[in-house]
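Let us walk through this structure step by step. Keep the sequence and the 3D view side by side as you read.

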Amino acid sequence: MGRFLSPLAALGAAVLAALAATGRVALFAFDTVTHLFRPPFYGRELLTALVQIGWLSLPVVGLTALFTGGALALQIYSGGARFNAEEVVPSIVAIGMVRELGPVLGGLMVAARVASSIAAEIGTMKVTEQIDALTTLSTHPMKYLTLPRVLAATLAVPVLVAVGDAIGILGGYAVGVTRLGFNEAAYLKNTVDFLELWDVTSGLIKGAAFGFIIATMGCYYGMHSGRGAQGVGRATKAAVVAASVMILAANYLLTEAFFTS
Amino acid sequence: MITLANVHKSFGAKPVLQGVNLTVEKGTSMVIIGGSGTGKSVLLKSVLGLVTPDSGQITLDGQDVTTGERDAFLARFGMLFQGGALFDSLPVWQNVAFRLLRGALKRPKAEARELAIEKLRRVGLAPETADLFPSELSGGMQKRVGLARAIAANPEIIFFDEPTTGLDPIMSGVINELIREIVTEMGATAMTITHDMSSVRAIADTIAMLHDGVIQWSGPVAQLDSSGDPYLDQFIHGRAEGPIEALR
């Protein structure tokens with residue numbers, strides 16, 4: 001009997017563990033948000049986090065968007081050619097970038113860059129007792145470490161997405177004009193005419209949500225890091241995996257909420 | 001006065017503290033000794049609320065440490081961590097003056113820096129150290145900076161977690177003397193955990209030995225060699241044979 005039940009028990013244990021982890025992350029996120037309304041606030045930490053998460057992520061997000069926009073133009077052109085619809089390239093590149101690829105690929109790149117570094121930094125602080133030291137110095141680690149990073153990412157990622165959108169469209173334009181024979185003015189006019197404000201804002205809202213996810217996952221896994229180099233390594237890996245998967249899941253849910261009516 | 005009454009703490013199925021009773025009188029220096037992994041750090045962290053005991057009561061001057069205003073409570077403490085636990089993103093002086101740069105004890109930056117340099121001088125570090133980063137310091141210097149940070153806001157109670165671990169014997173002696181001097185001149189209550197017997201003799205007024213989750217023996221430092229307690233004797237003489245089982 002036990003032989004038949006043990007796989008079920010293992011499955012049950014895995015499900016329970018996953019539910020418990022979800023609950024802990026949710027409570028952690030909720031706790032972080034409540035600190036937004038309880039002083040003291042650490043402005044300098046927020047500024048540092050904005051530079052680290054926002055400014056220094058510009059190159060990687062920009063390059064990602066540039067190449068994605070270019071590849072997208074080529075794909076849509078060859079796909080569109082099958083039913084003589086090559087002229088849709090400018091509008092589809094723009095819509096695809098701002099609604100979907102800008103936020104998602106930008107978010108994933110920031111997750112790789114930022115969730116990992118937050119988890120490694122906070123994990124190392126935990127392992128070397130710096131978090132305990134903060135507490136004994138009357139400084140709440142959630143206020144000093146978590147809130148500034150989560151707030152900075154939530155504010156900075158939409159801006160990164162906006163910049164990425166523009167660069168992605170530029171990438172599509174460059175390919176369209178130089179390789180696919182589009183007229184410069186016509187390409188730009190097509191882009192502007194077909195793009196709606198909601199296409200852009202929906203992508204920016206996604207960016208804010210992804211930023212929140214990225215920093216929350218980095219902080220959560222850092223704060224719960226195991227001991228030693230191995231513990232920090234595991235925390236870093238878990239933060240990036242969790243942030244990436246949650247970005248993709250949240251992207252689906254947000255798209256469902258925004259664009260099906 | 002710090003009092004622990006019947007304090008229990010387990011991690012998972014592993015009991016660490018199993019009914020600790022201990023009193024540290026105001027203005028005295030208590031050293032807690034015991035083997036590695038006997039829960040000495042857990043004991044200190046329980047007092048500070050960094051670890052929550054499963055049962056039992058810890059009081060400071062008669063008031064339960066879990067009640068009352070947490071910031072005001074923590075402001076009475078300074079702690080030197082085992083590895084120094086310096087914030088490596090901040091220069092030395094901002095580490096020392098951390099408490100003075102934010103929160104209730106906040107002062108102007110220049111004044112905080114002056115105070116930090118004064119505390120650095122007190123622990124034997126030159127003012128030039130102030131602008132270095134922790135990673136640029138040797139282990140002994142990091143311990144000194146940690147010590148300067150612990151005493152920066154003139155706390156009433158100072159905790160030292162293995163202050164000499166990882167230092168050479170001469171540097172250990174220097175740190176021990178510094179701790180003793182500072183505790184005496186500040187009139188602070190001190191709790192030190194260590195398994196370094198030279199620290200014990202240099203720092204302690206009273207000693208408590210933690211073994212198997214309880215205080216096995218406690219008494220004044222003068223009685224250390226004449227206790228007649230087989231556990232204590234084995235420990236202070238570092239014998240492999242005795243009532244404390246040693247894996248080999």
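Start on helix 2 of chain A. Gly43(A), Arg44(A) and Leu47(A) are exposed on one side of this helix, away from its buried residues. Keep in mind that this is a predicted model.

Now turn helix 2 of chain A around. Its buried residues are Ala49(A), Gln52(A) and Ile53(A). Look down the helix axis: these buried residues fall within an arc of 80 degrees, so they line one face of the helix. A rule about helices helps here. An α-helix has 3.6 residues a turn, so residues three or four places apart point the same way. What covers the buried face? The cover over the buried residues of helix 2 of chain A includes helix 4 and helix 6 (141–178) of chain A.

Step back to see chain A as a whole. It holds 9 helices and 0 strands. Along the sequence, its pattern reads α-α-α-α-α-α-α-α-α. Its C-alpha atoms fill a box of roughly 65 × 60 × 35 Å along the principal axes. Of the 261 residues in chain A, 42% are buried. Next, consider which parts of the chain meet. Take the contacts in chain A between residues at least 6 apart in sequence: 87% of them join residues at least 24 apart.

One residue gives a close-up of such contacts. Find Gly69(A), which sits in helix 3 (residues 58–80) of chain A. Is Gly69(A) buried or exposed? It counts as buried, because it has 28 C-beta neighbours inside 10 Å, and 20 are enough for that label. Which residues does Gly69(A) touch, leaving aside neighbours within four places in sequence? Its contacts are Val93(A), Met97(A), Gly168(A), Ile169(A), Leu170(A), Gly171(A) and Gly172(A). Pick out Val93(A). It lies 24 residues from Gly69(A) along the chain, yet 6.7 Å separate their C-alpha atoms.

Move on to helix 9 (residues 228–259) of chain A. This helix has 32 residues. From first C-alpha to last it reaches 46 Å, close to the 46 Å expected at 1.5 Å a residue. Which of its residues are buried? They are Val232(A), Ala235(A), Thr236(A), Ala239(A), Val240(A), Ala242(A), Ala243(A), Met246(A) and Ile247(A). These buried residues pack against helix 4 (89–127) and helix 8 (197–223) of chain A.

Now cross to chain B. Here you meet a sheet. In chain B, 4 strands form an open sheet in the order 2-1-4-5, with antiparallel pairing. Its edge strands are strand 2 (14–24) and strand 5 (63–64) of chain B, and each pairs on one side only. What holds strands together? Strands of a sheet pair through backbone hydrogen bonds, either parallel or antiparallel.

Follow the sheet across from strand 2. Strand 1 (residues 2–11) and strand 2 of chain B run antiparallel and are joined by 8 bridges. In one of these pairings, His8(B) has Gln18(B) in strand 2 as its bridge partner. The two strands form a hairpin, with 2 residues between them. In the turn, Gly12(B) has a positive phi of about 65 degrees.

Next comes strand 4. Strand 1 and strand 4 of chain B pair in the antiparallel sense over 5 bridges. Look for Ala5(B), which stands opposite Gln57(B) in strand 4. Then go one strand further. Strand 4 (residues 55–60) and strand 5 of chain B are also antiparallel, with 2 bridges between them. Here Thr59(B) stands opposite Asp64(B) in strand 5.

Zoom out to the domains of chain B. The domain assignment gives domain 1 (1–76 + 155–163 + 187–248) and domain 2 (82–153). Their centres, taken over C-alpha atoms, are 27 Å apart. Where the domains meet, 7 residues of domain 1 are in contact with 8 residues of domain 2. The domain 1 side has 4 nonpolar, no polar and 3 charged residues.

Finish where the chains meet. How many residues does each chain bring to the contact? Chain B supplies 16 residues and chain A supplies 11 residues. On the chain B side, helix 2 (70–74) and strand 6 (77–80) of chain B each give at least two residues. By class, that side has 10 nonpolar, 3 polar and 3 charged residues.

How values were computed:
Residues numbered from 1 in each chain as written. Chains lettered and ligands numbered in written order. Predicted model: local features only at pLDDT ≥ 70, side-chain atom pairs only at ≥ 80, totals over all residues. Contact = placed C-beta atoms within 7 Å. Nonpolar A, V, L, I, M, F, W, Y, C, P; charged D, E, K, R; others polar. Pairing = 2+ DSSP bridges. Expected span 1.5 Å × (residues − 1). Buried ≥ 20, exposed ≤ 12 C-beta atoms within 10 Å, placed from the backbone. Arc of directions from axis to C-beta. Domains from an automatic or database assignment.
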